[in-house]
Every structure is written in C-alpha cells, then in structure tokens.
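Open the model in your viewer and keep the selection panel handy. We will go from whole chains to helix pairs, then to the place where the chains meet, and finish on single residues.

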Amino acid sequence: MRTTLGLYRPGTSVLHRLPAGAKLATLVVAGVVSIFLRTPWSVGGALVVTLALYAAAGLGPLVLWRQVRPLLWLLVVLAAFHLLVSGWQRAVVVVGVILVLVLLAALVTLTTRTTELVDVVVRVARPLRRIGVDPERVGLLLGLGIRSVPVVVGLAGEVREAQLARGLGSSPRAFAVPLLVRTLRHADRLGDALAARGVDD
Amino acid sequence: MPTIELDGVSHAYDNRRVLDDVSVTLTEHRIGVVGANGSGKSTLARLLNGLVHPSSGSVRVDGLDPVTQGREVRRLVGFCFTDPDAQIVMPTVAEDLAFGLRRHRLSREETAERVEEWLGFAGLAAHRDHPAHLLSGGQKQLLALAAVLITRPEIVVMDEPTTLLDLANARRVAERVAGLPQQVVLVTHQLDLLAPFDRVLVVDRGHVVADAAPAEAVSTYRQLMEGR
C-alpha cells in the first residue's frame, strides 16, 4: 500500500512560496481560534476558507479527499456520539473543527518542504539548548514523523495482505501484533542507519 | 587507500559468539566478503564504522578506533544497508540527500550543488521532489548509496546492497559501485559481483576461512556450501 498522505507536492502558488515559519505560526493561531468556534455556521465558514486555501494552492479534490479518508471512521464515530449525547449542532462543531484543523495541518505539509519545516523547528527549539535539548534532534523528530506515515501505512498493508493470505480474516490481534513487531523492527534498522549517518555524533 | 586493521577481533551477541579472533589488514581498493547467513560477515562490516563494538580485540580504520573515535570514523566510512527503506530518512528524494549534509554545515548553495551532483549519479534528477517511498527498489537503493556518498566518505561499506533487487537493478547498483574511487568493502551473496574485486574474504562460523583473489575465494566458498 502506498500513500502520499500529507507529503509535499511541488508547486508555485502563494502558499508554496510563503515562509514555512509563517505557515506554522498561522496553523498555531488557527488552533487557538478553533476553540472559539461554537456554532455550525462559524465552523462552516472556517471549512469554506480552508477549501479556498486548497484551491489557491492548486490542490484538487482528490488530494483533499486523501487527507480526509484516514479520518473518516473517527469522524463518523465522533459524530454519532455527539448526536446521541449533545445534539446535531455540537456534532457538527466537533467534527467540523477536527476536519478543518487536520486539513490545515495537511495543507502546511503539502505546500512546504520537510527540510524547511525542520529548519523552523530547529530555530524555534534553539533556546531549549540551555536546558539540554538538542534542537537538531527535535527537528529530526519532525522529519522522521512525516516520513514514518507512509512507512507505517505500507507496513499495515503488508500485514493485511499476509493476514488475508493465511486466512486469518479480520482478527484485530492478528493485525496489531505483527504490525507492532514490524514497526519496531523498522525503527531499529532506522536507528542503525541514523547512527551510520552520524546523526548521534 | 586507507588501511583497515582487525586484530584478534571477537564479537558475541549475548552468549552467542559470531566473530572469533579475526585478524585481517585490508588495504585494497575493492574488498568482497562472502559467507552463509549468520556467518558473521554483517557483524564484521558493522565493526568498521562502530555500529558494533568488538567484545575483544581491536579495530583500526585509517588509524582511528571506531569505539573511541566514532564520530571521526563515521565521517570516513559510509555505510549502505540491505534495506533502502530503513535508510531513507526524509520524505522526498532531494531532501534525503540533503539530510546527510546537515551536520557538515555547508552553505545553502553548496548543499544544493552537491544534491544536484548526486541526484545525477543516482539517475534521480527527474524525481527530486518525489516521495522517496514511491521509488522502485533499485531507485531507492541508488538513493541510499548516493545519500552515503554525498558526504564524501573515503571508505564505503555495503552490507548486501543488492539482495532485495532484481537482476537489472542489481546490475545498476553494481555499475555505480564499480566506478567509485573510494575503498569499497562489499558484503554480498551475489558472487558474480565480486569478479572484478581485488580481494575476497570468506567468513564461516565467525572465522575468516579463506582470504584470496575472487576466483579462488568464491571456489572455496562454493565447496564449503556444497558440503552442507
């Protein structure tokens, strides 16, 4: 299974050309503002703005759908829960806010090279050096986090195929245990590769 | 060429001894290492850049000790693994190449220049912004090799770099390796790759049981395997 979820897509739009720091700062502001979105209308407005930003970045409906698809079940469960517990308006607000924030976060990674994001995080984390935090390592964490999404999705696909080939049906245990083992094994090999490339030096 | 010296080197994982009193001095341009699975050949390779430390004995790479001078040794020795997926650290091709240069503190222009150079080497210039995980197996291994070479090591250690590749891709990787000016230590199961090498070590059950020119070493290895 191969995914391009949230991975940089080259382009020349205004959003592509904006500095990574500005985009990350805007994302943080959007997160704070989202706390004050309390009505379906305000959430609808935020969603329209988000969709307009995707259009401005030259990212089509297919790219947008790929960002939403992995969240679908979570959103459905959350919507059902809030419909039962606190009514349709609350359900729309909660699901809508999550959707907007995930789409905005994906928009940042879709329009920004990971290296630029890493550079910003390293710069921001520099004052933490005084308390023993290595800024380069914090930046590396971000880079590895983004890189790990397709790796883990790929491993999950392999495990699912092996599970089907061995007739193990849809057993969650037969899926989770080998996925965890493979992910840890990958992390181990990645650690070796990072050490070989002198990251720890 | 740099001198690699192993003097009475042993290594054990828990209580399992995988290398036993190995002593060799390597000065040739192209050195091959063959052996059965679990013979200790990968451990031998990993000793050369400090990924593994000897339980006893000593390793010297161009006079440096990988245990106490790991940083200097890793600048000298590039290491290429079997599985390129585990070596690719950044999401896109060009970014992964540039990643290796972060600790070299080069200017933006110099980094870009070197990335261009090695994109060309790997034949990936048209894929610079592509997600690295969407490349073919052969392209990924060439990217992994280029990511090692971009830091300009003097020695390149490769642990079965063609094992997961089809014949065409294995040939592509072998061609690139053949053209390298660096000293190369290649651990492999693909015996035909070793024909142009200067020297081949056969490792078996933790010992170097043959150390000769490729034809002779490969013949010894074949006889060893046929007897099992």
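Here is a tour in stops, each beginning with something to select.

**Before you start**

This is a predicted model, in which local features need pLDDT of at least 70 and side-chain atom pairs count only at pLDDT 80 or more, while totals for chains, interfaces and linings use all residues. Residues are numbered from 1 along each chain as its sequence is written, and chains are lettered from A and ligands numbered from 1 in the order in which they are written.

**Stop 1: chain A**

Select chain A and show it as a cartoon. You should find 9 helices and 0 strands; helices (H or I, at least four residues) and strands (E, at least two) are DSSP runs, numbered from the N terminus. The pattern along the sequence is therefore simply α-α-α-α-α-α-α-α-α. Along the principal axes, the C-alpha atoms fill a box of roughly 55 × 50 × 35 Å.

How many of the 201 residues of chain A count as buried, in percent? The value is 23%, where buried is 20 or more other C-beta atoms within 10 Å of the residue's own, exposed is 12 or fewer, and partly exposed is in between, with C-beta atoms placed from the backbone. Of the contacts in chain A between residues at least 6 apart in sequence, 74% join residues at least 24 apart; a contact needs C-beta atoms, placed from the backbone, within 7 Å.

**Stop 2: two helix pairs in chain A**

Two packed helices are described by the angle between their axes and the distance between the axes. Here the axes are lines fitted to C-alpha atoms, for helices over the stretch in contact, and angles run from 0 to 180 degrees between N-to-C directions.

Select residues 61–68 and 88–111 of chain A, which are helices α4 and α6. Their axes come within 10 Å and cross at roughly 120 degrees. That makes α4(A) oblique to α6(A): angles under 35 degrees count as roughly parallel, over 145 as roughly antiparallel, 65 to 115 as roughly perpendicular and the rest as oblique. Show the side chains next: A:Val63, A:Gln67 and A:Val68 of α4(A) meet A:Leu99, A:Val102, A:Leu103, A:Ala106 and A:Leu110 of α6(A). By class, this contact has 7 nonpolar, 1 polar and no charged residues. The classes are Ala, Val, Leu, Ile, Met, Phe, Trp, Tyr, Cys and Pro as nonpolar, Asp, Glu, Lys and Arg as charged, and the others, Gly among them, as polar.

Now pick α2(A), residues 20–34, together with α7(A); their axes come within 9 Å and cross at roughly 70 degrees. That makes α2(A) roughly perpendicular to α7(A). The contact is made by A:Ala20, A:Gly21 and A:Leu24 on one helix and A:Glu116, A:Leu117 and A:Val120 on the other. These residues divide into 4 nonpolar, 1 polar and 1 charged.

**Stop 3: chain B**

Switch to chain B, with its 7 helices and 9 strands. The C-alpha trace spans about 50 × 40 × 35 Å along its principal axes. The radius of gyration of chain B is 18 Å, which agrees with the value near 17 Å for a compact globule of 228 residues; the radius is taken over C-alpha atoms, and the globule rule is 2.2 Å times the number of residues to the power 0.38. In chain B, 51% of the residues count as buried.

**Stop 4: where the chains meet**

Show both chains. Here 26 residues of chain A are in contact with 24 residues of chain B. On the chain A side, α7 (114–125), α8 (135–165) and α9 (172–196) each supply at least two residues, and α9(A) gives the most, with 8. The chain A side divides into 12 nonpolar, 7 polar and 7 charged residues.

Then centre on A:Gly198, in the segment after α9 of chain A. Is A:Gly198 buried or exposed? A:Gly198 is buried, with 22 other C-beta atoms within 10 Å. Leaving aside neighbours within four places in sequence, A:Gly198 is in contact with B:Arg71, B:Arg74, B:Arg75 and B:Arg103.

**Stop 5: two aspartates in chain B**

Most residues other than glycine have a negative phi. Select B:Asp21, in strand β2 (residues 16–26) of chain B: its phi is positive, about 55 degrees. B:Asp21 counts as partly exposed, with 15 C-beta neighbours inside 10 Å.

Finish at B:Asp62, in the loop between β4 (56–61) and α2 (70–76) of chain B. B:Asp62 has a positive phi of about 55 degrees and is partly exposed, with 16 other C-beta atoms within 10 Å.

Key
Contact = placed C-beta atoms within 7 Å.
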